[in-house]
Amino acid sequence: MDRESWIGCDLDGTLAEYHGWEEGIGPPIPVMLERVKKWLSEGREVRIFTARASRLNDHPDKLIAEVGEWCRRHIGQVLQVTCEKDFQMESLWDDRAVQVIHNTGCTVQSLVPEGIRRLVNLDSE
């Protein structure tokens with residue numbers, strides 16, 4: 001693993017509960033919060049990957065500051081906030097992503113047995 005690599009972690013619905021934009025940033029999702037803290041304790045770089053950082057928003061700097069404050073409060077430090085990936089991003093943890101097998105166009109979900117697909121509601125692809 002390259003020391004310049006980083007892990008992208010979506011905020012709404014992945015690291016924090018999401019019940020609509022108007023509700024603000026929700027409480028942390030414990031399993032994901034602990035995962036992020038573990039990565040940080042291992043010296044890995046974690047960035048918050050969120051649409052809140054998009055320059056298409058009316059007040060992106062305000063939204064980015066809110067994310068930073070949420071991180072300080074729940075993670076103990078402010079993490080970099082972005083909505084862009086680059087060649088150093090090693091993985092992206094996101095509730096909306098569909099994983100595609102490298103160079104095939106096939107989704108990982110298509111390989112999951114039907115019973116498990118129903119259990120975790122992967123049929124929305």
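**View 1. Arginine 47, a buried partner in a salt bridge.** With 12% relative accessibility, arginine 47 counts as buried (under 20% relative accessible area; exposed is over 50% and partly exposed in between, with a 1.4 Å probe and protein chains only). This is a predicted model, so local features need pLDDT of at least 70 and side-chain atom pairs pLDDT 80 or more, while totals for chains, interfaces and linings use all residues. Residues are numbered from 1 along each chain as its sequence is written, and side-chain values use heavy atoms, leaving out hydrogens and water. Arginine 47 pairs with aspartate 86 in a salt bridge, with 3.7 Å between the closest N and O atoms (a side-chain nitrogen of Lys or Arg within 4 Å of a carboxyl oxygen of Asp or Glu). Arginine 47 sits in strand β2 and aspartate 86 in the loop between β3 and β4, so the pair ties together parts 39 residues apart in sequence. Helices (H or I, at least four residues) and strands (E, at least two) are DSSP runs, numbered from the N terminus. Aspartate 86 is partly exposed, at 34%.

**View 2. A salt-bridge network around arginine 44.** Lys38, Glu42, Arg44 and Glu90 are linked up here by salt bridges. Within the group, arginine 44 reaches glutamate 42 with the closest N and O atoms 3.6 Å apart. Both count as partly exposed: arginine 44 at 22%, glutamate 42 at 42%. The structure holds 10 salt bridges.

**View 3. Helix α2 and its buried side.** Helix α2 takes in residues 60-75, and its end C-alpha atoms are 21 Å apart, in agreement with the 22 Å expected for 16 residues (1.5 Å times one less than the number of residues). Pro60, Leu63, Val67, Gly68, Trp70, Cys71 and Ile75 are buried. They cover an arc of only 160° around the axis, which puts them on the same side of α2; the arc is that of the directions from the helix axis to the C-beta atoms. Their cover includes α1 (30-41), β2 (45-49) and β3 (81-82), counting contact as heavy atoms within 4.5 Å. Over on the other side, Asp61 and Lys62 are exposed.

**View 4. A salt bridge within α2, and the glycine after the helix.** Arginine 72 and glutamate 69 meet at 2.4 Å, N to O. The two lie 3 residues apart in α2, about one turn of the helix. Right after α2 comes glycine 76, with a positive phi near 95°.
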